[in-house]
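The exercises below concern aromatic rings and nonpolar cores. Work through each task with the structure open, then compare with the solution.

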Amino acid sequence: MNLQLPQVITDITGMTGMAIVRAIVTGERDPLTLAQLRQPTCQSSQETIARALTGDWKAEQLFILQQALALYDYYTQLIAACDVQVQQQFAAMKPLQSEQPPLALPAKPSTKSKNAPPPTTRTDLFRLVGVDLVAVPGISASLAQTILSEIGTDMSKWPTAGHFASWLGLAPHNDISGGKTLRSRTLPTDNRAGQAFRQAASTVTRTRSVFGAFYRRKRTHLGPQQAMVATAHKLARTVMLKQHAPYHELGATTYDTQQRERDLSILRQKAAKLGAVLIVPDLAPEPSLPVSA
């Protein structure tokens with residue numbers, strides 16, 4: 001119908017987009033009247049939205065839009081019913097620990113996603129597992145639910161974290177001949193938990209968390225693709241449920257400082273083997289730029 005609504009509204013399934021679509025389906029055709037349905041949080045002005053809603057209203061396209069809206073509402077109801085069923089299953093499951101303190105939600109920014117599970121999912125997962133997996137950077141309530149549905153709460157089936165990462169498809173598979181590694185790669189897998197960890201790794205690449213600093217360090221000498229797998233591997237090792245210890249974020253600055261100390265320790269050992277002494281100068285602050293008049 002030559003309507004350019006997706007070009008002026010980022011999320012067509014948001015409050016503004018759905019209000020306009022429903023008004024079109026009920027018979028409204030005036031662009032100015034439709035633009036007045038704009039929510040205050042929408043970045044586009046009413047004039048911009050009105051110009052985007054100026055087109056030719058073809059009957060067959062309106063019928064397709066009506067059918068698509070009906071399907072959207074139907075599947076939304078099915079998802080809501082599925083969420084209710086999942087909550088009932090959570091309530092019927094016994095917690096891993098009989099007595100545990102209530103969950104104190106840490107200061108983690110919440111993502112406002114329409115596809116997120118109900119708000120009580122995080123508390124239910126904490127009651128079943130004994131640790132708050134959502135506190136780990138990159139792990140949302142939806143990803144934590146996906147991971148636990150695949151791996152369960154009994155981690156004794158994997159002797160070590162390395163076995164766990166290998167099962168997830170996040171450990172390198174080395175082709176060795178004559179004691180020499182010819183090729184190193186991860187094997188293709190359809191493991192949903194491994195895919196969830198990869199998705200979590202993609203969300204921390206620019207954060208100031210430990211995992212964000214780890215990804216940026218690995219990217220410098222491995223490239224972005226292998227660094228993403230390495231970060232997902234690190235996230236998987238963190239989510240191992242054997243210790244049942246809460247996660248505490250150290251931050252990128254602390255990680256960079258610890259990594260610098262490890263690098264200096266290696267250099268000191270190499271210098272000692274050569275009969276030399278490593279002298280590390282103090283890091284002087286960068287000079288400030290002169291302010292022009």
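**Exercise 1.** The charged end of which residue sits over the ring of F214?

Solution. The model is a predicted one. A charge counts as sitting over a ring only if NZ of Lys or CZ of Arg is within 6 Å of the ring centre. K234 places its charged end over the F214 ring, 5.1 Å from the centre.

**Exercise 2.** Classify the ring pair W158 and W167, and state how far each residue is exposed.

Solution. Step one is the setting: the whole structure holds 5 aromatic pairs. Step two is the geometry: the ring centres of W158 and W167 are 5.0 Å apart and the planes meet at 50°, so this pair is tilted. The cut-offs behind that label are under 30 degrees for stacked and over 60 for edge-to-face. Step three is accessibility: W158 has a relative accessible area of 7% and is buried, whereas W167, at 36%, is partly exposed. Finally, W158 and W167 belong to one aromatic cluster together with F164 and F197.

**Exercise 3.** Describe the largest nonpolar core and locate F197 in it.

Solution. Start with the size: this core has 34 residues, and F197 is listed with I139, I151 and F164 as having the most contacts inside it. Next, assign elements: α6, α7, α8, α9 and α11 each give two or more residues, and α7 supplies the largest share, 6 residues. Then list the partners of F197: beyond four places in sequence, its contacts include I139, I147, F164, L168 and L235. Lastly, a separate core of 14 residues lies apart, with L5, I24, A35 and A52 among its members.

Key
Residues numbered from 1 in each chain as written. Predicted model: local features only at pLDDT ≥ 70, side-chain atom pairs only at ≥ 80, totals over all residues. Heavy atoms only, no water. Phe/Tyr/Trp six-rings, centres within 6.5 Å; stacked < 30°, edge-to-face > 60°. Buried < 20%, exposed > 50% of the residue type's maximum accessible area, 1.4 Å probe, protein only. Lys NZ or Arg CZ within 6 Å of the ring centre and 35° of its normal. Core = buried A, V, L, I, M, F, W, Y, C linked by side-chain atoms within 4.5 Å. Helix = DSSP H or I, 4+ residues; strand = E, 2+ residues; numbered from the N terminus. Contact = heavy atoms within 4.5 Å.
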